[in-house]
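Reader: I would like to learn how to read a protein model, starting with its sheets and helices. Could you take me through one example?

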Amino acid sequence: MVDQEELDRCYDYVLKLTIESGKVIREAIDITNKKIETKVADWDLVTQYDKKVEEILINNLMKEFPNHKFIGEETVSKTKCLPELTNTPTWIIDPIDGTTNFVHAFPFTCISIALSVNKELQLGIVYNPILEQLFTARKGCGAFLNGKPIKTSKVPDLKHSLLCLEASFAAIENIRDIILGRLEAFVSIAHGIRTMGSAALTLCYIAMGAAEAYHCDNLMPWDVAAGVIIIQEAGGAVIDTNGGEFNVMSPKVIAVGNPKLGYDLVKLIQQADTKTHQRRSIFQNATT
């Protein structure tokens, strides 16, 4: 059982640890000879600094909270096995979200860390040490940027919205037409489109009202866990792409400032996917 006093201790400890760990990213971002490896594909990068930050975070948290569990991006990458989320307090960690940005010294990169207890997110921290943006949230306590409260946009219409999605996943050949079809649908209706290369920070920008919605299906728990509770505590909502309840362990994300936009986006995506499948069918029939 984790009581409020224990959650306070978790938050205070991990906040200091996250800020301290951010020094690794700040000092390394301009280094030109980073050791770069690929994981799933050429677009899925990891550096020695991703591994170093995760090691710092997990080793210190393990010493302080020996009964807690961990789901870390680089740890899971080694084992090739995503652990089950249980009722045990579990830290969900992305040591550098936006690694490709980090590799290119593009300053949109961050540490993302969340704590789940009884399978519910209790706290989230997203820290960009380059731009000194520290987003924080605790369940029932609101969301903050550098200690100041933030709230989501309440814009109710897609045509007046700035929409975010991760177009770079179009590099994956078997889903390229789906991604580009959705991009076309977003472009046709929105005020503007942004693709930022960091799911965690994009979610936080929705939380602070800088954009109205974010969509991406091809993510992992560590990409979104912290950002999800930050959006929720800022007054926004996160649902599954199909319109159902969001599952942090299998994240298909529609994150919005105004909940009305979520279901409008579900319909828009469904329409876009129908067109894509029709195009596939026409192409297949033409080549057979």
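Author: What follows goes through a sheet, the helices that pack on it, and the cysteines, bearing in mind that this is a predicted model.

Reader: Which order do the strands of the five-stranded open sheet have, and what kind of pairing?

Author: As a general idea, strands of a sheet pair through backbone hydrogen bonds, and they do so either parallel or antiparallel. In this model the open sheet of five strands follows the order 11-10-12-14-13, and its pairing is mixed. At the edges lie strand 11 (192-194) and strand 13 (237-240), each of which pairs on one side only. From one strand to the next, the twist averages 20°.

Reader: How many bridges join strand 10 to strand 12, and which way do these strands run?

Author: Strand 10 (residues 162-165) and strand 12 (residues 213-216) run parallel and are joined by three bridges. If you look for a particular position, Leu-165 stands opposite His-215 in strand 12. Helix 5 (residues 176-189) packs on this sheet, where it touches strand 10, strand 11 and strand 12, and its direction makes about 170° with that of strand 10. Helix 6 also packs on the sheet, touching strand 10, strand 12 and strand 14 (253-256), with a direction at about 155° to that of strand 12.

Reader: At what angle do the axes of helix 6 and helix 7 cross?

Author: The axes of helix 6 (residues 199-207) and helix 7 (residues 221-233) come within 8 Å and cross at roughly 5°. Because angles under 35 degrees count as roughly parallel, helix 6 is roughly parallel to helix 7. Among the residues that meet here are Leu-203, Cys-204 and Ile-206 in helix 6, and Val-224, Gly-227 and Ile-231 in helix 7. Sorted by class, this contact of helix 6 with helix 7 has 10 nonpolar residues, one polar and one charged.

Reader: Cys-204 is a cysteine, so how many disulfides does the structure hold?

Author: The structure holds zero disulfides, and the cut-off to keep in mind is that the two sulfur atoms must be within 2.5 Å. For Cys-204 the closest cysteine sulfur, in Cys-110, is 7.1 Å away, which is too far for a bond. The sulfur of Cys-10 is likewise too far for a bond, because the closest cysteine sulfur, in Cys-141, is 14 Å from it.

Reader: Are Cys-204 and Cys-10 buried or exposed?

Author: Cys-204 is buried, with a relative accessible area of 0%, and Cys-10, at 1% relative accessibility, counts as buried too.

Note on methods
Residues numbered from 1 in each chain as written. Predicted model: local features only at pLDDT ≥ 70, side-chain atom pairs only at ≥ 80, totals over all residues. Heavy atoms only, no water. Axes fitted to C-alpha atoms, helices over the stretch in contact; angles between N-to-C directions. Helix = DSSP H or I, 4+ residues; strand = E, 2+ residues; numbered from the N terminus. Parallel < 35°, antiparallel > 145°, perpendicular 65-115°, else oblique. Contact = heavy atoms within 4.5 Å. Nonpolar A, V, L, I, M, F, W, Y, C, P; charged D, E, K, R; others polar. Pairing = 2+ DSSP bridges. Buried < 20%, exposed > 50% of the residue type's maximum accessible area, 1.4 Å probe, protein only.
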